Amino acid sequence: MKLGFIGLGHMGSAMAANLLRAGHEVTVFNRTPGKSSPLIALGAHEAATLAGACGGEMVITMLADDEAASNIALGSGGLVENLSKDAIHLSMSTISVALSKRLAQAHAQSGQRYVAAPVFGRPDMAAAAKLFIVAAGDPAAIDACRPLFDVLAQKTSTIGAEPSAANLVKLTANFLQAAVIESLGEAIALIGKAGIDRHAYVDLLTSTIFTAPAYKIFGPLIADSRFGPAAFAAPLGYKDIRLALAEAETLRVPMPLASLVHDRFLRLFAQGGDNLDWSAIGGLATQDAGGREARVVRPAH
């Protein structure tokens, strides 16, 4: 397929590289110059302008937030102005439900198609083509995207014909991950202060009743207090919690745990943690407990 790819952060660069290796013709564009060199070496074309990435049958966006996604798609010289009739905007960014609805309407009015397909997974999973994708939109448009999904992900799930449904699913899933991080942090702070080996505790959890990837990924990071370099920066996690709460307010759904996690991010930022991985909120409970651990009790062999 002839594609445009916009947004060359850690995730986007890895995804674009996999599409190139699979034989797709990819034209890349990034607002910040200098990120395209490795992709050009793999055969990508570089567009000098946003319009230059819109000449194919599809454009993929992988952008950080609503502001970036709105500017790229709806701004002057953006996707809506430049995509041809029936072309697809495949939005793989984690954005708000409200913006996703605006994008769907704007593309429809211009005779274009819009699919929301945010991803689950960190940069290492993107590089290994092991992402999980949740897609929503017109079934025919989703079918046209499936060859790309097959390259990028180990599994793709569809969630309906309204694109914004996929965005809400992604936001709620990130809320659940943040809740796991907070609860792990509190539990690890408690057993650590009691003198129990934090790593042995995490090994026990993740090999018995908490075997889900979230526990296996975040448990060791919290036990090690290893929150950098960021695979998913804390401000992005905070953004997703804010967007989930915004939709909860719109639908009048109380989410007290999400409100707690929201404030934990604020606590992290107040002490300068903006550049840390979002799992750093899991280290706050240890600080709250005095920031020191008692004698380590190791399990008997």
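## Rings and a pocket

Let's start with one residue, Phe232: with a relative accessible area of 21%, Phe232 is partly exposed, because the buried class ends under 20%. Keep in mind that this is a predicted model.

Phe232 is part of a wider set of ring contacts. Searching the whole structure turns up 6 aromatic pairs. In one of them, the ring centres of Phe232 and Trp278 are 4.9 Å apart and the planes meet at 80°, so this pair is edge-to-face. It also joins distant parts of the chain: Phe232 sits in the loop between helix 10 and helix 11, while Trp278 sits in the loop between helix 12 (256–270) and helix 13 (284–288), 46 residues apart. Unlike the partly exposed Phe232, Trp278 is buried, at 3% relative accessibility.

Another aromatic pair is made by Tyr238 and Phe265, and this one is tilted, with 6.2 Å from centre to centre and 50° between the planes. Tyr238 belongs to helix 11 and Phe265 to helix 12, so the pair ties together parts that are 27 residues apart in sequence. Tyr238 counts as buried at 16% relative accessibility, and Phe265 is buried too, at 0%.

Here are the two pairs side by side:

| Pair | Centre to centre | Angle between planes | Type |
|---|---|---|---|
| Phe232 and Trp278 | 4.9 Å | 80° | edge-to-face |
| Tyr238 and Phe265 | 6.2 Å | 50° | tilted |

There's a bit more to say about rings. Phe218, Phe232 and Trp278 make up one aromatic cluster. Elsewhere, Lys170 lies over the face of Phe120, 5.7 Å from the ring centre.

Now for the largest pocket, which holds about 1,100 Å³ of space. It is lined by 44 residues, and Phe232 turns up again here: along with Met11, Gly121, Ala231 and Leu236, Phe232 is among the closest to the centre. Which helix gives the largest share of the lining? That's helix 8, with 6 residues. Helix 1 (10–21), strand 7 (119–120), helix 6 (123–127), helix 10 (213–224) and helix 11 (234–251) are also among the elements that each supply at least two lining residues. As for character, the lining divides into 26 nonpolar, 12 polar and 6 charged residues.

Helix 8 deserves one more look. It covers residues 164–193, and Ser164 is found in it. Is Ser164 buried or exposed? Ser164 counts as buried, at 6% relative accessibility. Setting aside neighbours within four places in sequence, Ser164 is in contact with Val97, Ser100 and Lys101.

Conventions. Residues are numbered from 1 along each chain as its sequence is written. This is a predicted model: local features need pLDDT of at least 70, side-chain atom pairs count only at pLDDT 80 or more; totals for chains, interfaces and linings use all residues. Side-chain values use heavy atoms; hydrogens and water are left out. Helices (H or I, at least four residues) and strands (E, at least two) are DSSP runs, numbered from the N terminus. Buried means under 20% relative accessible area, exposed over 50%, partly exposed in between (1.4 Å probe, protein chains only). Contact means heavy atoms within 4.5 Å. On a 1 Å grid over the protein atoms alone, a cavity is a set of points where a 1.4 Å probe fits but cannot get out, and a pocket is an open set with protein on both sides within 12 Å along at least five of seven lines; lining residues have an atom within 4 Å of a point. Grid points are joined across faces, edges and corners, and a volume is the space filled by probe spheres set on the points. Ala, Val, Leu, Ile, Met, Phe, Trp, Tyr, Cys and Pro count as nonpolar, Asp, Glu, Lys and Arg as charged, and the others, Gly among them, as polar. Rings of Phe, Tyr and Trp (its six-membered ring) pair if their centres lie within 6.5 Å; planes under 30 degrees apart count as stacked, over 60 as edge-to-face and the rest as tilted. A charge sits over a ring if NZ of Lys or CZ of Arg is within 6 Å of the ring centre and within 35 degrees of the ring normal.
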